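Trainee: I'm new to this one. Could you take a close look at a single part for me, the open sheet, and tell me how it is put together and what packs on it?

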Amino acid sequence: MNFDFYTAIAFSGQLEMNSSIKVVYQKTPVLIVRTSKGIFAYEDYCPHRGLALSKGKIINGEISCKYHGWTFDSESGFNTNIPVKQGKIDCQLKRFFVYEKYGLIWLSTNQKAQIPELSEQKAQIFLKGNISAQLPNVLENFLEGSHTHYVHDGLIRTKEKKRNLIQAKIIKSENGFQVFYEHEPAKGFVTKILPKKWQQLKAVSTYIHPGIAVLEYFNTENKAVSRFEAIVNENENGVEYFARIFLDISWITPMLIPFAKQMFKKIIQQDKDILELQETNLVEFPEKRFVSDETDMVGKYIYAFQTGKNSELKSEVNFNVHW
Ligand code: FES
Ligand SMILES: [Fe+2]
């Protein structure tokens, strides 16, 4: 069982050729550079007097410090020149392992860490942001459906309509779980605008420990209509998310993308608002006490993985929800 995954830290599109970005990885500021030699990551710290290298520039493929002009080779991190000396010194920047895949930039301090398996397809919508809440609560929100009638009332589902009994099955895997739901009739605006044969949708939610939530919808022909991937990590402000969204609703898909992007933005904003309200109140009541029932299976599994108690979970459980 390998839980040591690279952390998604930025979208590839955020880092242009011959430039750098600053990110924070496990509380450490990190400089990521892209030059013709590839993509590299170093501690955002000039070994000379400690200035953030991200304040400097990338010149001729080298990282140049803003304070006294020391330069470092982008590929090796070795010092290449000290202007006042007209020579170099044997010193090297502290390296992080960096990898680019799925349109994302991933970081780790462990070279052997893995990149989680996501869709190889090209996402049509990319969204990112920050939620001031705790990781398990964010993951639960992304993966469970019972809040959708309230928080996304009228958009995904609605609290007005009579509810349907939906059978669900949760299956535990080595590094996460999947939940398979039965087909359900279209309820909210987003699903109702779909062509008829796409209106009966079946949800499958997937969790990959420690920070990936995937929500897919399939039509009655078992064709994936939409896939929402949230790749999240914890930082000092709560949780940072990178969302990749895929849509496939016949030939009309390209025309729907700009509209869908606004919808997803709105949906995520609604989740962010409720999660931050929840977090504000959890701070008032620090002793964690949640009452859960069998319909909270998704949360139960997430909390178990997050606290290392996943071996106590059953490998398969059937449960019902009224959606
Ligand atoms: S602090 Fe970077 S060159 Fe002096
Ligand atoms: Fe939601």
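Mentor: Here is a walk through the open sheet, with a little about the whole chain to get you started. This is a predicted model, where local features need pLDDT of at least 70 and side-chain atom pairs count only at pLDDT 80 or more, while totals for chains, interfaces and linings use all residues. Residues are numbered from 1 along each chain as its sequence is written, and chains are lettered from A and ligands numbered from 1 in the order in which they are written.

The chain has five helices and 18 strands (DSSP runs numbered from the N terminus, H or I of at least four residues for helices and E of at least two for strands). The domain assignment, which is automatic or from a database, splits the chain into domain 1 (7–108) and domain 2 (125–322). Their centres, taken over C-alpha atoms, are 36 Å apart.

Now to the sheet. Eight strands make up this open sheet, in the order E11-E17-E16-E15-E14-E13-E12-E18, and the pairing is antiparallel; two strands count as paired if DSSP finds at least two bridges between them. Look at the edges, where you'll find strand E11 (125–131) and strand E18 (316–322). Each has a single partner strand, so one side of each has no neighbour in the sheet. On average, neighbouring strands are turned by 15° against each other, direction ignored (axes are lines fitted to C-alpha atoms, for helices over the stretch in contact, and angles run from 0 to 180 degrees between N-to-C directions).

Let's zoom in on the E18 edge. Strand E12 (residues 165–173) pairs with E18 in the antiparallel sense over seven bridges. There, lysine 169 sits opposite asparagine 318 in E18.

Next, the helices. Helix H4 (residues 253–284) packs on the sheet and touches E11 and strand E17 (238–247), a contact meaning that two C-beta atoms, placed from the backbone, lie within 7 Å. The direction of H4 makes about 10° with that of E11. Helix H5 (residues 297–306) lies across E12, strand E13 (176–184), strand E14 (201–208) and E18. Against E13, H5 runs at about 170°.

To step back to the whole chain, 55% of its contacts with a separation of 6 or more are between residues 24 or more positions apart. Along its principal axes, the C-alpha trace spans about 80 × 50 × 35 Å.
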